[in-house]
Amino acid sequence: MDFSANIPIYLQVVEEVKRLLMIGELRPGEKLWSARDMALRYQINPNTAAKVYKELEQQKLCYTKRGLGTFLTEEEGIAEKLRRERAEHLVSGFIREISGLGYTREEIGRFLDAGLQKVD
């Protein structure tokens, strides 16, 4: 994983774990790696890995069972909820930025249509 210099590493790893959950590579209720294994996987300091788990717990995306490890939340529909939140965030950022360039609603719609045609 290539890390961006302007965002704390632990937050970038949190986003990666969320991405893996959103795309189904990680499943609700699944046991996560140990902090040491996470540190090796992402080539980060074990203290940073511990910070990742602390942040995930604060966001209620995982929980720790003493002596057993850390597990992803079992909340039903969590992956779809995260996907929807991410999509809404991306769309609102796009609209805010392109509107700031002076484009009208209709022009923005044409940009989106043209972009979607390239995806097909």
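Val91 lies in helix H4, and in this predicted model its relative accessible area of 46% makes Val91 partly exposed. Val91 belongs to a nonpolar patch on the surface, in which it is joined by Phe94, Ile95, Leu101, Tyr103, Phe111 and Leu112, and together these residues have about 630 Å² of accessible area. Two elements, helix H4 (78-100) and helix H5 (105-119), each give two or more residues to the nonpolar patch, and the largest share, 3 residues, comes from H4.

Helix H4 also holds charged residues. Glu80 and Arg83 both lie in this helix, 3 residues apart, which is about one turn, and their side chains meet in a salt bridge with an N to O distance of 2.8 Å. A comparable arrangement occurs in helix H1 (residues 9-22), where Glu15 and Lys18 are likewise 3 residues apart; their side chains form a salt bridge at 3.3 Å, N to O, and Glu15, Lys18 and Arg86 are linked in a network of salt bridges. A further salt bridge joins Glu75 to Lys81, with the closest N and O atoms 4.0 Å apart. The count for the model comes to 5 salt bridges, and the table gives the accessibility of residues that take part in them.

| Residue | Relative accessible area | Class |
|---|---|---|
| Glu15 | 33% | partly exposed |
| Lys18 | 14% | buried |
| Glu75 | 34% | partly exposed |
| Lys81 | 33% | partly exposed |
| Glu80 | 40% | partly exposed |
| Arg83 | 44% | partly exposed |

Within the Glu15 and Lys18 pair, Lys18 is buried because its relative accessible area is 14%, under the 20% cut-off, whereas Glu15, at 33%, counts as partly exposed.

Helix H3 (residues 46-58) can be examined by its length and by its sides. Its 13 residues should span 18 Å at 1.5 Å a residue, and the end C-alpha atoms are 18 Å apart, so the expected and computed spans agree. Ala49, Val52, Tyr53, Glu55 and Leu56 are buried in H3, and because these residues cover an arc of only 160° around the axis, they are placed on the same side of the helix. Asn47, Lys54 and Gln58, by contrast, are exposed on the other side of H3.

The strands complete this account. Strand S1 (residues 62-65) and strand S2 (residues 69-72) pair in the antiparallel sense over 4 bridges, and Tyr63 stands opposite Phe71 in S2. The two strands, S1 and S2, form a hairpin with 3 residues between them, and in the turn Gly67 has a positive phi of about 85°.

Definitions and conventions
Residues are numbered from 1 along each chain as its sequence is written. This is a predicted model: local features need pLDDT of at least 70, side-chain atom pairs count only at pLDDT 80 or more; totals for chains, interfaces and linings use all residues. Side-chain values use heavy atoms; hydrogens and water are left out. Patches are made of residues with over 30% relative accessible area and no salt bridge: like charges are joined within 9 Å, nonpolar side chains (Val, Leu, Ile, Met, Phe, Trp, Tyr) within 5 Å. Accessible areas come from the Shrake-Rupley method with a 1.4 Å probe; for residues, only the protein chains shown count as cover. Buried means under 20% relative accessible area, exposed over 50%, partly exposed in between (1.4 Å probe, protein chains only). Two strands pair if DSSP finds at least two bridges between them. The expected span of a helix is 1.5 Å times one less than its number of residues. The arc is that of the directions from the helix axis to the C-beta atoms.
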